[in-house]
Amino acid sequence: MDQFILQILNGLDKGSAYALIALGLTLIFGTLGVVNFAHGALFMLGSFCAVTLSKLLSLSHKVVDETRTDFLGNPLQVDVPYVHDWFGVATGDAIIDWAVPLSLLFATPVMIGIGFIMERGLIKHFYKRPHADQILVTFGLAIVIQEVVKYYYGANPIPTPAPSAFKGSFDFGVLIGFDVNAIIYPYWRLVYFFFSLVIIGAVFAFLRFTTFGMVVRAGMADRETVGLLGIDIDKRFTIMFGIAAAVAGLAGVMYVPINPPNYHMGMDFLVLSFVVVVVGGMGSLPGAVAAGFLLGILESFASTAWAVSNLPGINQVIIYLVAIIILLTRPRGLMGRKGVMEE
Amino acid sequence: MLGLEKKDFRLLLIVIGLTLFAPIILNPFPAGSEMAQFNAGYPDLMQRFVIFGIFAIGFNILFGLTGYLSFGHAAFLGVGSYSAVWMFKLLSMNVLPAIILSVIIAGLFSFVIGYISLRRSGIYFSILTLAFAQMSFALAYSVLTPITGGETGLQLALDDPRILGAAQTASGNIPVPALFGLEMRASYEMTVGAWAFTFNVGYYLAALIMVLSFYMAIRIFRSPFGLMLRAIKSNQTRMSYTGLNSRPYTLAAFVISGMYAGLAGGLMASMDPLAGAERMQWTASGEVVLMTILGGAGTLIGPVLGAGMIKYFENIFSKINSQVLHEWFGFLPDGLENFVVTIIYPFVGKGWHLTLGIVFMLVVIFLPGGLVQGGQKIAAALRRKKTDDANPGATKPAE
């Protein structure tokens, strides 16, 4: 039983990332009808926003420390981050420590901006073209973004730690009556899971309870009629693209402590997220979220020692296997409408 | 001629000529000169040109004719490579049975995958092929290690049986792949003045097979079967309304293109007898998509051009480093020289992927027919200009 709960928990953090990326993909597909192969690159850009901010915050200058000397007896030069000068040592250290959560504030406008530029500059011209062209051009864009990031940040993963308050693990088992250390779970993964719930909740609430969201939903259902009613639906869809980009970016920011980002992480996640979207049902937001968590948890169950010893290799292929079965037996996905994208 | 129209026959002749004289054409710079590092006429690279050309020709039969975008074609190439290496291990080092087996195995494999994947169309088809290819890659990497060699890849060993050939040469080495005694790596060097040209057996075998595949592709494009595939691309719904079951046709196209991929994989293993799982990864599938689109999907010569261009970028363009750039722009004043080099540097050398991505995007945006369409447009523009010059008095028809 404790193993069972542990595997569910283990699946949650990856599932959260899948769900957030798939949510953004579905938002873009549902509003603009565009298949965005560059969405993984947006996730990766979010991660690098966090890396950038954490590097910026720890920028430092050299100061001669009179109280200490090196082994030759000369006064020692110490690196002092600029934030120490500006906010004092204690606050400065706290700011550096909390660089990753602070990046959320930095990444949100950046990602929305990138989303706007992408939609207005490129995707706009592809509404009328076939889906294959959309896939290809966004695939090319993903390569370009990847290479630009590689040029500036190098090819190696860049570890960026979580705030020290979240280091260590949380003994979940004790809370529900298991032995000590039976179910332990890193704090940051728990944070990531709740963070993703908040974001998903916010997106759904935004679509459900605001006038703007209502118009967007109406536009998703029937774009032409909404346009005839005198509403500039294109502008709203552009904003939704920005929001979808921000969702992917924020998912990337918070994922940095779990997985040190490198330039091709976006592509790795993209392939899986597409599978998630297809399993959930093309164009269905709840489907994307549900399938994200479901596949994350399934993946974690498939990587247990028991599963691997009975079905060798199952941990590698489970997601694709599920996708193949779903596509062949229920092509519209778990919660999709019939006939979406069936050209 | 050979059942081809005049225009197609001319194209075939051009391709034959280019592949025949490739060792000379691709070596424009004298050996030993500073520019010699940009010579592409060495056997290893030329083999890759033609092998990936075969791969792209096959992919084009599926994507260019039926419009089904497969993101998993590298799996067939990988399977072809594995079967060829197994043939070298078990039977003999003759490349002929190895290549034949790799085509057959890839054909069977693509039949199974195609039979399932083609139940869906559009993006679902792309995702299904992607899923199958990623599954094959993951399995080849982990569980199937006894068959595929796992992470290290499948290699030849001294104690392989090789029942029809020698397990090892007289000097105790692993024998090399050969065609009835003609070793694939054997080359003939020819020196003309300052120029050195290498004529390699492996290259000419691969080139011969590429020409044959190209000829086959032309025949398929011009056949009633090819016409049927085009009809499926333009409107599958209407085809099914006329009472036609389109799936056998798409499946046939899928299997043919899978066999082309297997052929390319078998040739690749014949040139260098090892096979690794990374050949099946989805980035490799993405590469052949890039080649085909870049050159021009649905055109005959496009995929070959695209394959050549990408391999040229990968191997030659990537050699341009900042030192070379400084030499090239040395004639500029120092400040300007540094500025120009700084601007260009990210796009060349190790950054060749960036240039490739940009070129690819530009092609998709402005030239959906690829570089071939670009060439046709330029040719048409020139021709129009010429006719305009010829009869300046001609009036334009009213709009």
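This passage walks through the predicted model of two chains, A and B, from overall shape to local detail.

Because the model is predicted, local features are considered at pLDDT of at least 70 and side-chain atom pairs at pLDDT 80 or more, while totals for chains, interfaces and linings use all residues. Residues are numbered from 1 along each chain as its sequence is written, and chains are lettered from A, with ligands numbered from 1, in the order in which they are written.

A good place to start is chain A as a whole. Chain A holds 15 helices and four strands; here helices (H or I, at least four residues) and strands (E, at least two) are DSSP runs, numbered from the N terminus. Its radius of gyration, taken over C-alpha atoms, is 23 Å, close to the 20 Å that the globule rule gives for 343 residues, so chain A is as compact as a globular protein of that length. The globule rule itself is 2.2 Å times the number of residues to the power 0.38. Along its principal axes, the C-alpha trace of chain A spans about 80 × 55 × 35 Å. Of the 343 residues of chain A, 46% count as buried. A residue is called buried if 20 or more other C-beta atoms lie within 10 Å of its own, exposed if 12 or fewer, and partly exposed in between, with C-beta atoms placed from the backbone. Contacts are defined by C-beta atoms, again placed from the backbone, that lie within 7 Å. Among contacts in chain A between residues at least 6 apart in sequence, 74% join residues at least 24 apart.

The interior comes next. In soluble globular proteins, nonpolar side chains tend to be buried together. A nonpolar core is a set of buried Ala, Val, Leu, Ile, Met, Phe, Trp, Tyr and Cys residues joined through C-beta atoms within 7 Å. The largest such core has 217 residues, and those with the most contacts inside it are A:L23, A:V247, A:V275, A:A323, B:F55 and B:A264. Helix α11 of chain A (residues 233-255) gives the most to this core, with 15 residues. Leaving aside residues up to four places away in sequence, A:A323 touches A:V275, A:V278 and A:V279, as well as B:I127 and B:A131 of the other chain.

A second example from the interior is A:A19, found in helix α1 (residues 2-32) of chain A. With 28 C-beta neighbours inside 10 Å, A:A19 counts as buried. A:A19 and A:S196 are 177 residues apart in sequence, but 8.2 Å apart in space, C-alpha to C-alpha. Beyond four places in sequence, the residues that A:A19 touches are A:S196, A:I200, A:A288, A:V289, A:G292 and A:F293.

Where the chains meet, 32 residues of chain A are in contact with 33 residues of chain B. On the chain A side, α6 (131-153), α12 (265-280) and α15 (314-329) each supply at least two residues, and α6(A) gives the most, with 14 residues. By class, this side has 24 nonpolar, four polar and four charged residues. In this classification Ala, Val, Leu, Ile, Met, Phe, Trp, Tyr, Cys and Pro are nonpolar, Asp, Glu, Lys and Arg are charged, and the others, Gly among them, are polar.

Strand β1(A) (residues 60-69) offers a contrast, with zero buried residues among its 10 residues. Strands pair if DSSP finds at least two bridges between them; seven bridges join β1(A) to the antiparallel strand β2 (residues 75-81) of chain A. One of the partnerships links A:D65 to A:L76 in β2(A). Five residues separate the strands of this hairpin, and A:G73 takes a positive phi near 90°. A:V64 lies in β1(A) and counts as exposed, with 10 C-beta neighbours inside 10 Å. Not counting residues up to four places away in sequence, A:V64 touches A:P75 and A:Q77.

Chain B has a hairpin to look at as well. None of the six residues of strand β4(B) (residues 187-192) is buried, so this strand lies largely in the open. Six bridges join β4(B) to the antiparallel strand β5(B) (residues 195-200), where B:F197 is the bridge partner of B:M190. Two residues lie between these strands, and B:G193 in the turn has a positive phi of about 60°.

Definitions and conventions:
Contact = placed C-beta atoms within 7 Å.
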